[in-house]
Structures are given as C-alpha cells and as structure tokens.
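Trainee: Please take a close look at one part of this model, the surroundings of ligand 1. Which residues come nearest to ligand 1?

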Amino acid sequence: MEKRFVDDFLVIDNIQLNENSFLVRMFAPKPLPEIKAGQFVNAEIKDCREIFLRRPFSVFDIDYSNNYLSIIVKILGRGSNQLARVIKGDTISLIYPLGRSFTYPSEHEKILFIGGGSGVAPMLFLAKDCGLPRDNVDLIIGARTFEDHINVNDYNGYGKFHFTTDDGTYGFEGLVTEHPLMKKNLSSFDKIYACGPLSMMKAVAAEAVKKDIFCEVSLENSMACGFGVCLCCIEPTKRGNLCVCTEGPVFNIKDLKW
Ligand SMILES: Cc1cc2nc3c(=O)[nH]c(=O)nc-3n(C[C@H](O)[C@H](O)[C@H](O)COP(=O)(O)OP(=O)(O)OC[C@H]3O[C@@H](n4cnc5c(N)ncnc54)[C@H](O)[C@@H]3O)c2cc1C
Ligand code: FES
C-alpha cells in the first residue's frame, strides 16, 4: 500500500476561476511523493465548528520543482465554501496521496477526455501528465452555461479542446454526450476517460460500452476518512462492494454495475 502523509500545506495563492471555482495552490512542507492524475487529497476544513469531516479534492496539478500541489475547489456547500476563502499564508491540513490513479495511456494511443464541473481538474492533470502529443488528445469540457467554464488556455498545448453548454452560450449546444465527437467519431479513440456529474459519466460509459472502447471514470461518492476505514464510500461493483477511496476513485466501467 502506498504511504500516506498528513501535513499542513501553506497556501501560496487562491485564484478565482469563475463565480464558484477557485484554484488553490499550496506549498508542501516536505518533498512531495509521486502523485498521479486521479489521486486525491482529504482536506481539513478549519475554523468551521459544524464540520468535523475532511473533504476530498482531486489533485489538479503538481509542481515538483517548487513543491506545490494544487486543487480546484468548486463551492457546493459549507466545507467547500470555507475552503474557497483561504488566502496566501493560511495553512490547510491534507491527508495525501489517496486513491488509485487513472491507467495512463500508452504511446501512440488516441485519447478522449470528458470533464464536467469539478471533474475537469483530474482530466486536465491527466492530459498534461500523460505526455501524449497534442494531436492524439481531444477534450470535451461541458458546463451548464458560459460562465461555468474555466479558462483552459494554459492547456492548449496538451490537446484539442471542445466546449459544450446546455444553453448554447459557448461552444456546442447540448450535453457532452451529444457532441459530434461522441456521436460520430467515438470509434477513432483507443481510450476514454471521464470525470464529472454521475449522470454524465453514466451516459459516457453507455456510449463506450456500445463501441467496446476502454473507459475509466472517477467516482465522487461521499467520503469521510478517505483511506478505507469508515466504509461510507462503498460502491457495489461486479467485484463486490468496494471502497471508492481505496479501490477507486478511478474505475474501469466494466467493473461498475451501471
Ligand atoms: C474523489 C473525489 C474527488 C473530488 N474532487 C473534487 C475537486 O477536485 N474539486 C471539487 O470542487 N470537488 C471535488 N470533490 C467533491 C467535494 O469533495 C465536495 O464538493 C465537497 O465534499 C462538498 O463539501 P461541502 O461541505 O461543501 O458540501 P456539503 O455541505 O457536504 O454538501 C452540500 C451539498 O452538496 C452535495 N454533495 C456533497 N458532495 C458531493 C459530491 N461529491 N457530488 C455531488 N454532490 C455532493 C450534498 O449532498 C449536499 O446536498 C471530490 C469528491 C471526491 C469523492
Ligand atoms: S471514505 Fe472511509 S472508507 Fe472510504
């Protein structure tokens, strides 16, 4: 089992990406271990009496040269709201690294990444970290409306981006699964990776099954401990009831009872 750590990370900056999403970059007090896309941290919510449980966040970026770890926090409830308010100089206690990463693609494979909501974070990390040429990588990023998208210009070198909005205010109008790449070109991809709302991942999985394409998704079941003790994140799978925090969060769709 991979070694886990609990440390206080120092907030370097907190950049607002859109109305509800914040990029929090933190300095680790000791050299970061290797962390791969799909793995997550469990963050303590400080100064909030009602919240005892930590909250899980996918690792968005690792900068080993500066010893920085970044997450994207999308405000959903009280914990994420508190975390999104951190400022330079604050500390955040993290348990890290947690969970299993995506299976990284092999050289020459053609990859489709599909991200929505906070699921964009691990998709961008994998696109950057997998080392494939830009031409081999397509990313469909979905959101309800233009304002919900984040600026991904820094990632243009890692793949070709396609945006969707439910209301047509930016990019293709419709769900990610209705995008022409999904409807007409899916068979041209060797692997599909998806992270986002459950309904989105299920719809992507259904298309991947039809075309018999390798597909991994990252589940966001509610969690508490984050390392296999409390059993509150159980997912019934074809391999039995599994803890998403230790056996996932990344699963091959062939293992899921969807
Ligand atoms: C492995 C993993 C990785 C994650 N990565 C990220 C990330 O990179 N960025 C990010 O912003 N969030 C991520 N999340 C989700 C994040 O942990 C939740 O948004 C956070 O725990 C919500 O806490 P809260 O106190 O703000 O909300 P709460 O007050 O606990 O809940 C507020 C409302 O949101 C609902 N809710 C809580 N968690 C979720 C969820 N995961 N999915 C859908 N609804 C939920 C609750 O049912 C409730 O209705 C991840 C979750 C998991 C399990
Ligand atoms: S969160 Fe406790 S076992 Fe998964």
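Mentor: The shell around the ligand comes before the domains and the chain as a whole. This is a predicted model, in which local features need pLDDT of at least 70, side-chain atom pairs count only at pLDDT 80 or more, and totals for chains, interfaces and linings use all residues. Residues are numbered from 1 along each chain as its sequence is written, while chains are lettered from A and ligands numbered from 1 in the order in which they are written.

Ligand 1 has 22 residues around it, and K74, G77, G79, S80 and S118 come nearest; a residue is near a molecule if its C-beta atom, placed from the backbone, lies within 6 Å of it. Two or more residues of this shell come from each of β4 (55-58), β6 (68-74) and α1 (78-83); helices (H or I, at least four residues) and strands (E, at least two) are DSSP runs, numbered from the N terminus. By type, the shell holds 10 nonpolar, eight polar and four charged residues, where Ala, Val, Leu, Ile, Met, Phe, Trp, Tyr, Cys and Pro count as nonpolar, Asp, Glu, Lys and Arg as charged, and the others, Gly among them, as polar.

The protein chain is divided into domain 1 (5-98) and domain 2 (111-218), with bounds from an automatic or database domain assignment. Their contact takes 13 residues from domain 1 and 14 from domain 2; two residues are in contact if their C-beta atoms, placed from the backbone, lie within 7 Å. On the side of domain 1 that touches domain 2, β6 gives the most, with three residues. That side divides into six nonpolar, four polar and three charged residues.
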